[in-house]
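Visitor: Could you take me through one part of this protein up close? I'd like to hear about the strand that keeps turning up in the core, the pocket and the salt bridges.

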Amino acid sequence: LLLAGLGLPGRSALRGVRDVPGTALALLRHFGAELEVTAETAGTTLAVGGLPRLGARTLAVAGDPDVAALAMVAALTVPEADVVIENVPLGKPRRGVLDTLLEMGGAIETVERRHAGGEDVADLRVRHSPLLGTGVGAAGLTPSGIAPLAVAAAFAAGETQISRFGFA
């Protein structure tokens, strides 16, 4: 609907939005769209200015954090592994697996942090390291992030508890 609003004169507003598409908004702004986000009691209102002069931009696209999670777990659990994974998104809504692996004692180092594709990303150096069990909550996790954590838990010393998740 925001894309449709770009093609109309004036301002278009989408009211009562529950989940604000942060990455999509960042990309639209990157190309020159004028967006306004207003929090209200009935949800968020997203407004877009119509018929903007969008311009060509260089765009580096961030990787998928759940795919990166598979590589991280492999590197953490294979003896003598030392792997660099490029363009891993670091935004809070997508850091669940990374934060949990760090909490488990994973040797994960940020090599180069930067802004790409409308979000913060980094190259991560991941080395084999002993893991410790932990409690895993839902913050920042997607359903596909649970499987890599279950594999990491199988290699961890101690108990790991994965809470019930209410993914929609």
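Guide: Let's fix one term before we start: buried means under 20% relative accessible area, exposed means over 50%, and partly exposed is in between. Keep in mind, too, that this is a predicted model.

The strand is β6 (119-127). Aspartate 123 has a relative accessible area of 10%, so it counts as buried. Its salt-bridge partner is arginine 114, with the closest N and O atoms 2.8 Å apart. Arginine 114 comes out at 24% relative accessibility, so that one is partly exposed.

Move along to arginine 125, whose side chain meets that of aspartate 82 in another salt bridge (2.5 Å, N to O). Since arginine 125 sits in β6 and aspartate 82 in strand β4, the pair ties together parts 43 residues apart in sequence. Both ends are partly exposed: arginine 125 at 28% and aspartate 82 at 42%. The whole structure has four salt bridges.

Now for the greasy side. Leu124 and Val126 are among the residues with the most contacts inside the largest nonpolar core, which has 24 residues. β6 supplies at least two of the core's residues, as do α3, β4, α4 and α5, and α3 gives the largest share, six. Skipping neighbours within four places in sequence, valine 126 touches Met72, Ala75, Ile85 and Ile108, among others.

Finally, the pocket. Glu119 and Asp120 help line the largest one, along with residues including Arg94 and His115. Its volume is about 160 Å³, and the lining splits into two nonpolar, five polar and three charged residues.

Terms used:
Residues are numbered from 1 along each chain as its sequence is written. This is a predicted model: local features need pLDDT of at least 70, side-chain atom pairs count only at pLDDT 80 or more; totals for chains, interfaces and linings use all residues. Side-chain values use heavy atoms; hydrogens and water are left out. A nonpolar core is a set of buried Ala, Val, Leu, Ile, Met, Phe, Trp, Tyr and Cys residues joined through side-chain atoms within 4.5 Å. Buried means under 20% relative accessible area, exposed over 50%, partly exposed in between (1.4 Å probe, protein chains only). Helices (H or I, at least four residues) and strands (E, at least two) are DSSP runs, numbered from the N terminus. Contact means heavy atoms within 4.5 Å. On a 1 Å grid over the protein atoms alone, a cavity is a set of points where a 1.4 Å probe fits but cannot get out, and a pocket is an open set with protein on both sides within 12 Å along at least five of seven lines; lining residues have an atom within 4 Å of a point. Grid points are joined across faces, edges and corners, and a volume is the space filled by probe spheres set on the points. Ala, Val, Leu, Ile, Met, Phe, Trp, Tyr, Cys and Pro count as nonpolar, Asp, Glu, Lys and Arg as charged, and the others, Gly among them, as polar.
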